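Me: I should be grateful for a close look at a single part of this structure. Please treat it in detail and place it in the context of the whole chain.

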Amino acid sequence: MYLIYFAIIILIPLWAQFRVKGTYKKYSKVTSSSHMTGAEVARRILDDNGLYNVGVEETRGFLSDHYDPRSKVVRLSSQNFFGHSVAAAAIAAHEVGHAIQDAQDYAFLRFRHALVPVANIGSNFSWILIMIGIFADLSGMLLLGILFMAAAVVFQVITLPVEFNASNRAMDQVVSAGIIRNDEERETRKVLNAAALTYVAAAAVAVLELVRLVLIYTGMTRDE
């Protein structure tokens, strides 16, 4: 059973990454009807929403696109910054979706930002406490590790509505601004949905692992 469990938690993220890379590779070769680069798409949507103070910059790395709320900058990987594809437009619009969330004080985004320090602590130290608890047979230490890990899991789960909302905003923006045609909506949504799979997979694995540890703790305390 443990082999099956570990195979599942390894295969889920791999499958999600495979889907993302495959979908991105396919639609990065499809030029959008507007012929706008990802940088132009981002700037257009930002300006349409009055976010003139938010910058658009190129960043290194493959699919390293993100919005930096501290610097108020949308950063796009080189292929999307300069690319004229449907994929570049979709990803640029998605990252601008986060900038719009930030400007509008979107509740889930604020909650996620507030969780960052606790989630970082949980990610870095929970497994140390968990391993000590399991191997030293200290249920209290294991419980403390589980509590720290739970904070990181909550962060993963709360990321889902943030990402899906950003994708919905992206679709609304590229359609209303005429950046994509009606026949391109299906392709754009495929890119956004594939990207969302990585967050779904991460959250699913995190929840499964938390449940497994809770079961271990329950069994440990029952034997005490």
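**Lysine 72 and the helix packing**

Lysine 72 counts as partly exposed, at 29% relative accessibility. Please begin from this residue, and then describe closely how helix α4 packs against α6.

Reply: The model is a predicted one. Lysine 72 is placed in the loop between β2 and β3, the latter spanning 73-77. Although lysine 72 is not a glycine, its phi is positive, at about 55°. Most residues other than glycine have a negative phi. Leucine 63 likewise is a residue other than glycine with a positive phi, near 50°. Leucine 63 belongs to the loop between β1 and β2, where β2 covers 66-68. With a relative accessibility of 27%, leucine 63 counts as partly exposed, because this class begins where the buried class, under 20%, ends.

These loops belong to a chain with seven helices and three strands. In sequence order the pattern is α-α-β-β-β-α-α-α-α-α. The C-alpha atoms occupy a box of roughly 65 × 35 × 25 Å along the principal axes. Of the 224 residues in the chain, 45% are buried. Among contacts between residues at least 6 apart in sequence, 71% link residues at least 24 apart. The exposed area of the chain is about 11700 Å², of which carbon and sulfur atoms supply 63%.

The packing of α4 on α6 may now be taken in turn. Helix α4 comprises residues 86-103, and its axis lies 7 Å from that of α6, at an angle of about 115°. The two helices are therefore roughly perpendicular, a class that runs from 65 to 115 degrees. Their crossing is right-handed. On the α4 side, the contact is formed by Ala89, Ala93, His94, Gly97, His98, Ile100 and Gln101. The α6 side contributes Val162, Glu163, Asn165, Ala166, Ser167, Arg169, Ala170, Gln173 and Val174. By class, this contact holds seven nonpolar, seven polar and two charged residues.

One of the α6 residues, glutamine 173, merits separate attention. Helix α6 spans residues 139-176, and glutamine 173 lies within it. Its relative accessibility is 17%, so glutamine 173 counts as buried, the limit being under 20%. Leaving aside residues up to four places away in sequence, glutamine 173 touches Ile45, Asn49 and Ile100.

Ile45 and Ile100 also appear in the packing of α2 against α4. The axes of α2 and α4 are 8 Å apart, and the angle between them is about 35°. α2 crosses α4 in a right-handed sense. From α2 the contact takes Gly38, Val41, Ala42, Ile45 and Leu46, while α4 supplies Ala88, Ala89, Ala92, Ala93, Val96, Ala99 and Ile100. These residues divide into eleven nonpolar, one polar and no charged.

Beyond α2, which covers 38-48, the loop leading to β1 (55-59) contains glycine 50. At a relative accessible area of 39%, glycine 50 is partly exposed. The C-alpha atom of glycine 50 is 9.5 Å from that of isoleucine 100, although the two residues are 50 apart along the chain. Isoleucine 100 thus recurs in this account: it is among the α4 residues that meet α6, and it takes part in the contact between α2 and α4.

Note on methods: Residues numbered from 1 in each chain as written. Predicted model: local features only at pLDDT ≥ 70, side-chain atom pairs only at ≥ 80, totals over all residues. Heavy atoms only, no water. Helix = DSSP H or I, 4+ residues; strand = E, 2+ residues; numbered from the N terminus. Buried < 20%, exposed > 50% of the residue type's maximum accessible area, 1.4 Å probe, protein only. Contact = heavy atoms within 4.5 Å. Axes fitted to C-alpha atoms, helices over the stretch in contact; angles between N-to-C directions. Parallel < 35°, antiparallel > 145°, perpendicular 65-115°, else oblique. Left-handed = near helix turned anticlockwise from the far one by under 90°. Nonpolar A, V, L, I, M, F, W, Y, C, P; charged D, E, K, R; others polar. Areas by Shrake-Rupley, 256 points an atom, 1.4 Å probe, with all protein chains shown as cover.
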